[in-house]
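Here is a walk through a predicted model. Have the sequence and the coordinates open as you read.

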Amino acid sequence: MIPAARHLLRPTRIGVMLALAALVVSLSIASPYFLTTNNVLNIGVAVALVGVVAAGSTLVMIAGGLDVSVGSTVALAGVSAASVLSSTSSVALAIAAGVVVGGLAGLFNGLIITKLNINPLIATLGTLSVYRGLTFIVSDGVAIGVTEAPFLDIGSGRLAGIPNPLVILLVVFAVLAVVLHATDIGRNVYAIGGNAEAARLAGIRVDRYRTGLYTLNGLLAGLAGVVLTARLGSAQPLAGAGLELDAIAAVVLGGVALAGGIGTIGGTVLGVLVLGVLNNGLTILAIDSFYQYVARGGVLLVAVALDQAGQARRERARARSTPPASARAPSSTDPPGDDGDADRTRAPHLTGG
Amino acid sequence: MADAGSVVAAPAVEFRELSKRFPGVLALDRVSWTLAPGEIHALLGENGAGKSTLLRILAGDHRPDGGELVLPGTGVDVRTPADAHDARVRVIYQEPNLLMDRSVAENVLIGALPARRHLVDRRRLHELAAEQARRLGVDIDVTTRVRRLGPAARQLVEIMKALASDVRVLALDEPTSSLSGRETERLFAILRTLRSDGVGIVYVSHRLEEVREIADRATVMRDGRVVGTVSVASTTDAELIRMMIGRQISTVFATPDTHGDGRGDRGTPRLAVTELRTGSVGPVSLTVRAGEVVGIAGLVGSGRSKLVRALAGAEPLTGGEVRVDGRPVRSRGPSGAIAAGIAVCPEDRRALALVPDRSVRENILLGHRTVRPRLGFLRVRRREVDRVERYLRLLDIRPADPEARVRTLSGGNQQKVVLARWLAREPSVLILDEPTRGIDVGAKSEIYALIRRLTADGLAVLVVSSELVEVIGLADRVYVMRGGRVAGEVPRAEATEESLLTLALGTNQRSRP
C-alpha cells in the first residue's frame, strides 16, 4: 500500500467504520432525503464547526494534552470579530481579530500549562470559564449582529458549489494531515505524546511544541468562531457551549489514545462524520432532541467498545499466525516476552493502536 | 522421595508443561520444573528467554495458555493475583510497584493495615513497620514517603512488603540491580534465613557470580523452553553461559589488548569538565580524549547518574564548566548539550530514550532536524528509510525492519536503536550510562565490540557502570566517584576490582544513604 494511505488508515477503526456504514445504510432506507446532494452538503456544513476544533484537538491530544476551553474560545473569537466589524466595518480586520484572539487564548493556555506546570484539564477548565466571562464582558451579554455581506458570505457562500464552511474544514483537515504525517513536526508530536521525557532528552523543545499546539488549537477555534458568527449572522455570547465535549468525542472515536502518542487525522475525520451523520439522521427522522443526546452518547460508547473487541481479536489472530520463538532465529532476535509488558503497557490506552 | 512422613516434603511449586503465547511470540513452550521448599533456585536465561513471563504466571498476573501451575498442599488454583497471594506466593518485580505518595509503613503493610474501630491505627502501623525493618536489618525511616526514596531504598521497601506476612514461595526478578554491595549482602542474609525456614525462593539474575554465591540449583531457559536444571556447585560458568546462549563464547569482552595502540590524534581532549557542580554532586573535573574510552565507577548514590544527567543538560549546573572540543557548552537544556556534540544513552532506556509505540525509524530519527534531501518542509520517507537502514546494518539491529514498533524489540536491540539515534548525529562525545543493564550476554559482547569500533574514528566515549568488570574490561582510564566527587583516577594497567572498590568505598568506610 502507498505509505501515506497506510498512515491515514492506521489504526483501523473497524468499529467506528461499521457504525458509520450502519448509520448511512439504515438512514438511506428510512428517509429518501438522506442521501441527496443537498443533505450531504448540509452534514458537511453542520460538522464544520466541530470538525475544525476537533482537528486542532487531535494534535493537542496526540501530544498528550487536552483542551476543554475551545467552546468558550469560539464564542470569544466570535464576539471579538463582530465588535471589530461593527466598529471598523473592515471584514479583513474582523476575521483577523477573531483568529488572533483565538490564538492568544490558545497561547495563554499553553503558557500556563507549560510554565506553571498545571495539569491541562484543570488549566483549560479554568480558562473555559475565564474566556466565557470575557465573552460576556466584550459583548455586554447580548448578541452582536453582523450585516456586512462579504462577512456573511464566509458562512453562507459557496466555492465551486461547495459551501464555504465545508471548504474551510477540508483545507484544515488536509493541512493538518500533511503536518502530522509528513513533517518532522508531526513526528515530534507523536514522540512527545509517546514519551515526553525521551523526546526532551533527544533534543526536542517539548514545552515549545506544547505551547505551539495549544496556540494552533486556539487559532482554529478562533477561525471556527468567525465561521459560526458569519453563518448565524450574529455573535452569540453563549455560542459553542459544550463544543469541546463533541470535539473530544470525535477525536476519541477516531482512535486517539487519551494518554497520547496514538491517533491520526483520518481517524478524526471518521469520528466527526459519525457524529455528524447521526445528528443529521435523528433530525431528519424528527426524533425528539432529548433522545438525541442519549443516542449520541450511546453511539460513542458502542463504537469504542466494538473497536476494543476488534483490537483484542486481531491481536489473538496475530499471535496464532506467528511461529513459536524456538522455531525462529538466533539470540539477538529475542522476543520481547521477557519483560512481559507487551500487553501490560497496552492496557492503559483507551483505544489501543 | 518415598520417605513418607519425613522432612522431604512435596515441592513448593511445580511448573507443569506451561505454555504462554503473546502476540507474535511463544513466550513459554511447555516449561516444566520444580521448586523445592527450603531451596534458592536460580532462574537463568537471556532477555526474552521467558523468565519474567514465568514469574508473572506464578504471581497470577498472567494465565497460562496450556499446562498447570501446581502448589501442592495449598489447594489453591492460581487464577488471579489474589489467589497467588492467598497461597502465600510473593513475586518481587524488577521495577518496584509502590504507592509513591504513601509512607514506607503504609506500603509495607498495605492489605493488612492495623485498625482500631475501622480507622487505621497509625502508631501501631509505624511500630509494626519499624519492627519489620529491624527484623530484616533495613535502615529506613518508615514514615518517609516512598517518592522521596532512591531506587535502592524502594527495592528494599518492596522486599519488606513481600515479607510482611508469612511466605511460602518468594520470587525475585533481578533484585540487586539497584542495590549496592552492602545492601546486596544484607538481602542475601535475609534470603538465607528464609531458606532455612523452608521458603522456596526463585532467584532471577543476569549475574552469575551472585547466582554462585546464593543459589543451590539453577534452571536455565532459552527461547521459552527449559534447557536444563543443574546443581550450581557442580557446574562451571562457561557451562551455564553455554546453556543460556546455546553456543560457546570464549570471553564476553572483545580482546582488550587491541585498543590503545597507535590511534590517530589520541590526546586532544574532546570533553573537558572543570569544577562541575550540580545539586549535591561536585566539584567534578574530568577529561575524555579523542579515541579514548573512559570509565566512571562508583557505588549507588556516589553521584554517577546525577553527573550524567548534568552532562546531558537534564539537570542545571550550579557551577563549573563543560567544554566540548574546546568550546564551552553555553545553552542550557538537553538540546544545548546535543548541539554541542554530547550524546547520552541513559540507563533507563524505556523511560528516558524510547517511544515504544513508534517505529524503529522514527525512534532513530527522533530529534533530528532533517534528513536531506527533502521536499520543502516535507520529509522524504525513502531517504529516511535509507538512512535508517544503514544503521540497522551497522549495528545489526533485529528485526532489520525500519517500521517495526520498538516495543516489540528485545532489550539489546532497543539499546542499539538508542545508540543508532546518537551515532546518526555524529557526536563528539558519547556517554553511555549502564550500557548493558538488562541486556543478554550475546548482545553485551556486541555492544562492547561496537564501543571499540567507535573510538577508532576518534569518538570520545564515557562509560558509566556499576559493574566493575565492565568498566575494567572497557576503559582506558577509570574515574572512581564517591560522595559526589571524584575519589581517584586509575589508569587501565592498575584497574582491578580491588583497586576500584577501595577507592569507591573510601578509607573510612562510613555508610552513605
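## An exposed loop residue

Let's start on the outside: B:E426 is exposed, because just 10 other C-beta atoms lie within 10 Å of its own, and the cut-off for exposed is 12 or fewer. You'll find B:E426 in the loop that links α14 (411-423) to β18 (429-433) of chain B.

For a sense of scale, take B:T219 as a second marker. B:E426 and B:T219 are 207 residues apart in sequence, and their C-alpha atoms are 43 Å apart in space.

## The sheet that holds β14(B)

Strand β18(B) takes us into an open sheet of 6 strands in chain B, ordered β17-β18-β19-β14-β20-β21, with mixed pairing. At its edges are β17 (342-345) and β21 (485-491) of chain B, each of which pairs on one side only. On average, neighbouring strands here are turned by 20 degrees against each other, direction ignored. At the β17 edge, β17(B) and β18(B) run parallel and are joined by 4 bridges; B:I342 has B:V429 in β18(B) as its bridge partner.

Further in, strand β14 (residues 293-298) of chain B pairs in the parallel sense with strand β19 (residues 460-464) of chain B over 4 bridges. β14(B) also pairs in the parallel sense with strand β20 (residues 477-482) of chain B, this time over 5 bridges. B:V294 shows both pairings: it stands opposite B:L462 in β19(B) and opposite B:R477 in β20(B).

## How covered is β14(B)?

β14(B) is largely enclosed by the rest of the structure, since 6 of its 6 residues are buried. In a regular strand, side chains alternate between the two faces of the sheet. Both faces of β14(B) are covered: B:V293, B:G295 and B:A297 are buried on one side, and B:V294, B:I296 and B:G298 are buried on the other.

Helix α9 (residues 304-311) of chain B lies across β14, β17, β18, β19 and β20 of chain B. Its direction makes about 145 degrees with β18(B).

## A second sheet in chain B

Chain B has another open sheet of 6 strands, in the order β5-β8-β9-β3-β10-β11, and the pairing is mixed here too. Strands β5 (89-92) and β11 (225-231) of chain B stand at the edges with a single partner strand each, so one side of each has no neighbour in the sheet. From one strand to the next, the twist averages 15 degrees.

Over at the β11 edge, strand β10 (residues 217-222) of chain B and β11(B) are antiparallel partners over 6 bridges. One of the residues involved is B:R217, whose bridge partner in β11(B) is B:S231.

## The helix on that sheet

Which strands does α1(B) touch as it packs on the sheet? The answer is β3 (40-44), β5, β8 (169-173), β9 (200-204) and β10 of chain B, with the helix direction at about 145 degrees to that of β8(B).

Helix α1 (residues 51-58) of chain B is mostly covered, with 8 of its 8 residues buried. Among them are B:K51 and B:R56, along with B:L54, B:L55, B:I57 and B:L58. After α1(B) comes B:G60, with a positive phi near 80 degrees.

## A helix pair in chain A

Over in chain A, the axes of helix α5 (residues 91-115) and helix α6 (residues 120-139) come within 10 Å and cross at roughly 145 degrees. The crossing of α5(A) past α6(A) is right-handed.

On the α5(A) side, the contact includes A:F108 and A:I112, and on the α6(A) side it includes A:P120 and A:Y131. By class, this contact has 7 nonpolar, 3 polar and no charged residues.

Methods
Residues numbered from 1 in each chain as written. Chains lettered and ligands numbered in written order. Predicted model: local features only at pLDDT ≥ 70, side-chain atom pairs only at ≥ 80, totals over all residues. Buried ≥ 20, exposed ≤ 12 C-beta atoms within 10 Å, placed from the backbone. Helix = DSSP H or I, 4+ residues; strand = E, 2+ residues; numbered from the N terminus. Axes fitted to C-alpha atoms, helices over the stretch in contact; angles between N-to-C directions. Left-handed = near helix turned anticlockwise from the far one by under 90°. Contact = placed C-beta atoms within 7 Å. Nonpolar A, V, L, I, M, F, W, Y, C, P; charged D, E, K, R; others polar. Pairing = 2+ DSSP bridges.
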